[in-house]
Amino acid sequence: MTADLYDGDREQTRAKHDLLKAYLRPLAYKILQGRVGSLDFIDGFAGPWESRDTAFTDTSFGIAVEILAGVQGHIAGSGRPPPAVRCIFNEADPLAFERLRGYVDEARQRHPGLDIVSLQGRFDANAAEMNRLARNAFRLVFIDPTGWTGYPRDALMTLVSRAGFRPGAEVMINFMSSFVDRFFRTPEDRRNAWLEELLGPDRASWLRAEKATEAVIRRQIAAMLREDLALRYVCESPIVMSQANKIHFWMLYGTRSPMGVVVLRDSEFKALGSHEETRDKRQRSGQGYSSISRFPAPFPTCAKDILPRSKVS
């Protein structure tokens, strides 16, 4: 029997990857079969980190390559020219990057129709180069850092904002709420520097005057995506810890298209509903879970945000 790559304490990672899979495939078909016709997938913190598979099927970059190659091949198999698809994978850690580069070299051989690029360096330092390389008509920027920092507002604006000519763009961000709670016990100067990097000086100044809880910061990130990056619709999906009744992180999603919200909601039903079912089954089987009361399903959060708002309350 094949080993479960997400067994143990990786259930949250499974949920995150299931959401990426459930969203990326229909998005790719809509973009590549429609009038837009070409797609860039940008993974700003590619890793790999805790992968248990030599083929990296349990990583965001491995998932993206296989899905996008499959969609591209299916469209080409129907008699149409293969659409242009580029994957841009960025990783700062030198050791992780060597593993990533080895995967990219092998994936280029298996999927010659994909344009796959690997970059080594910090996300903010390489944002301009990723923007230069991402020449297709639509881009999805996936932000999944190992901690809670590293994706400054200015770097996101380089990749996503409408300043000058910009293709269609969407962003998915893993906001590590459990890390942020711990981080705010650190000295004030570090907190303030991080807030200014993440949200810009105006929002950071406002937060310094308020009680900057995790929920308040998350709402301000949503406001930044709406107002600074012009991503008109912003949704959030809570990912619950596998062995505790607590949200571990939120997947934040920004798009300029109401159809993107519809696709995301369908993806949430499929991916996160399955995650909750797995948690419930393990609770009933007595596999060490505390008593878990089910969190509200993520889709109402997304549904209430389907109409744009100029300010997050």
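This passage walks through the empty space in the model, then turns to its cysteines and one of its helices. The structure is a predicted model, and every value here is computed from it.

Start with the open sites. The largest pocket comes out at about 530 Å³. Its lining takes in 24 residues, and T13, K16, W49, E50 and D144 sit closest to the centre. Two elements, α1 (11-33) and β7, give two or more residues each to this lining. Helix α1 makes the largest contribution, with four residues. Sorted by class, the wall of the largest pocket has ten polar residues, eight nonpolar ones and six charged ones.

Next comes the second largest pocket, which holds about 330 Å³ of space. Here 19 residues form the lining, with F45, A92, R122, T149 and G150 nearest the centre. Strand β2 (84-91) and helix α4 (123-133) are the elements to look at, each supplying at least two lining residues. The class split for this second pocket is seven polar, six nonpolar and six charged.

As for enclosed space, the count comes to one cavity of 30 Å³ or more. The volume of the largest cavity is itself about 30 Å³. Around it are L19, M172, C235, E236, S237, M251, L252, Y253, L264 and E268. Three elements each bring at least two residues to that lining: β6 (233-240), β7 (247-255) and α10 (258-284). Strand β7 thus turns up in the lining of the largest cavity as well as in that of the largest pocket. By class, the cavity wall comprises seven nonpolar residues, two charged residues and one polar residue.

One of the cavity-lining residues, C235, leads on to the cysteines. C235 has a relative accessibility of 1%, so it counts as buried. C87 is buried too, because its relative accessible area is 0%. As for sulfur pairing, a search of the whole structure turns up zero disulfides.

Finally, a look at helix α8, which spans residues 201-208. Its buried residues are R203, A204 and L207. These three share one side of α8, because the arc they cover around the axis is only 100°.

Terms used:
Residues numbered from 1 in each chain as written. Predicted model: local features only at pLDDT ≥ 70, side-chain atom pairs only at ≥ 80, totals over all residues. Heavy atoms only, no water. 1 Å grid on protein atoms, 1.4 Å probe; cavity = no way out; pocket = protein on both sides within 12 Å on 5 of 7 lines; lining within 4 Å. Points joined across faces, edges and corners; volume = space filled by probe spheres on them. Nonpolar A, V, L, I, M, F, W, Y, C, P; charged D, E, K, R; others polar. Disulfide = S-S within 2.5 Å. Buried < 20%, exposed > 50% of the residue type's maximum accessible area, 1.4 Å probe, protein only. Arc of directions from axis to C-beta.
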